[in-house]
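Work through the exercises below with the sequence and the model side by side. Try each task before reading its solution.

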Amino acid sequence: MTVPRKDPLADTRVSVIGGTGFIGGRLALALLRAGSKVTTASRARRSPAGLPHVSCDLVSGEGIDRALEGADVAYFLVHSMAGGQQFAERERVAAEQFSAAARRQKVGRVVYLGGLYPSGQALSEHLESRRRVGLTLIERTGALAVRAGVVVGAGSDSFEIIHGLAARLPAMIAPRWLKSRCQPIGVDDAIQALVAAPTVAGAREVDLAGPDVLTYRAMLLTVARI
């Protein structure tokens, strides 16, 4: 007799903070398919997918405890770059507010999605902020900090910038950032890895990247050809 293999996340209560975004919306549905009991949380009033949802604000702290109440696992997928200036300070406060709430609600596992960055080099303001948020969550919640490369898929901020440039500009003066290297990963592969992340030992950083090391120029030209 063959005993059906039970998914390790079956019946697990999961809160996806940032669950209405590009990654969060896809991840929430994938977790639901894996058998998890999923609640999404964000500043939005409701989940577009119709999932249980809590409206919260990580900077003010409003609604965070309610979003994490009863959670075995929490994903932290929030960043504040779109908010303009002083985003790094907002991200610092958000990480601290989330960490305090996760401890109060006794969340068992935390998974943070940040950015892939090189070691021993000066970082851009946004990557430095992502690094600090990850380290804060590791220190205060024992999080698994997942450092992801450019996630390729419709709706990804980084990919949409590249797609927009390729679609609209027949010629351009190449900015210096086009020489920077990255390791892009497809959105489906990223979601699959994030679903498995709670089964990986935490309190550390891990990298999530595809096998190809490309410059942004190479990515731009590839998208233009397609």
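The exercises cover helix packing, buried residues, backbone angles and cysteines.

This is a predicted model, in which local features need pLDDT of at least 70, side-chain atom pairs count only at pLDDT 80 or more, and totals for chains, interfaces and linings use all residues. Residues are numbered from 1 along each chain as its sequence is written, and side-chain values use heavy atoms, with hydrogens and water left out.

**Exercise 1. Describe how α3 packs against α4.**

Step 1. Two packed helices are described by the angle between their axes and the distance between the axes.

Step 2. Locate the helices. Helices (H or I, at least four residues) and strands (E, at least two) are DSSP runs, numbered from the N terminus. Helix α3 spans residues 87-104, and helix α4 spans residues 125-141.

Step 3. Take the geometry. The axes of α3 and α4 lie 10 Å apart, at an angle of about 15 degrees. Axes are lines fitted to C-alpha atoms, for helices over the stretch in contact, and angles run from 0 to 180 degrees between N-to-C directions.

Step 4. Classify. Angles under 35 degrees count as roughly parallel, over 145 as roughly antiparallel, 65 to 115 as roughly perpendicular and the rest as oblique. The two helices α3 and α4 are therefore roughly parallel.

Step 5. Assign the hand. The crossing of α3 and α4 is right-handed. A crossing is left-handed if the near helix is turned anticlockwise from the far one by less than a right angle, and right-handed if clockwise.

Step 6. List contacts (heavy atoms within 4.5 Å). On the α3 side they include Phe87, Glu91, Ala95, Phe98 and Ser99. On the α4 side they include Val133, Thr136, Leu137, Arg140 and Thr141.

**Exercise 2. Place Ser99 and Ala95 within that packing.**

Step 1. Both sit in α3: Ser99 and Ala95.

Step 2. Check burial. Buried means under 20% relative accessible area, exposed over 50%, partly exposed in between (1.4 Å probe, protein chains only). Ser99 is buried because its relative accessible area is 0%. Ala95 is buried too, at 0%.

Step 3. Find the polar contact (a pair of N or O atoms within 3.5 Å; within protein, one must be able to donate a hydrogen and the other to accept it, and residues adjacent in sequence count only if both atoms are side-chain atoms). The Ser99 side chain comes to 2.8 Å from the backbone oxygen of Ala95.

Step 4. Leave out residues up to four places away in sequence. Ser99 then touches Thr136, Leu137, Arg140 and Thr141. Ala95 touches Phe76, Val133, Thr136 and Leu137.

Step 5. Add a spacing. Ala95 and Arg140 are 45 residues apart in sequence, with their C-alpha atoms 9.5 Å apart.

**Exercise 3. Which residues make the contact between α1 and α6?**

Step 1. Helix α1 covers residues 22-33. Helix α6 covers residues 187-196.

Step 2. Their axes come within 10 Å and cross at roughly 55 degrees. The pair α1 and α6 is therefore oblique, and its crossing is right-handed.

Step 3. Helix α1 contributes Phe22, Ile23, Arg26, Leu27, Ala30 and Leu31, while α6 contributes Val187, Ile191, Leu194 and Val195.

Step 4. Look at Val187. Val187 is buried, at 11% relative accessibility. Beyond four places in sequence, Val187 contacts Phe22, Ile23, Arg26, Val151, Val152 and Gly153. The C-alpha atoms of Val187 and Val151 are separated by 5.6 Å, although their positions lie 36 residues apart along the chain as a spacing.

**Exercise 4. At what angle do α5 and α7 pack?**

Step 1. Helix α5 (residues 157-168) and helix α7 (residues 216-225) pack at about 60 degrees, with axes 9 Å apart. That makes α5 oblique to α7.

Step 2. The crossing of α5 and α7 is right-handed. Among the contact residues are Phe159 and Ile162 of α5 and Tyr216 and Met219 of α7.

**Exercise 5. Is Ser42 buried or exposed?**

Step 1. Ser42 belongs to strand β2 (residues 37-42). Ser42 is buried, at 11% relative accessibility.

Step 2. A polar atom of the Ser42 side chain lies 3.1 Å from the backbone nitrogen of Ala44.

**Exercise 6. How many disulfides does the structure hold?**

Step 1. Apply the cut-off: a pair of cysteine sulfur atoms within 2.5 Å. The count is 0.

Step 2. Check two cysteines. Cys56 is buried at 7%, and Cys182 is buried at 8%.
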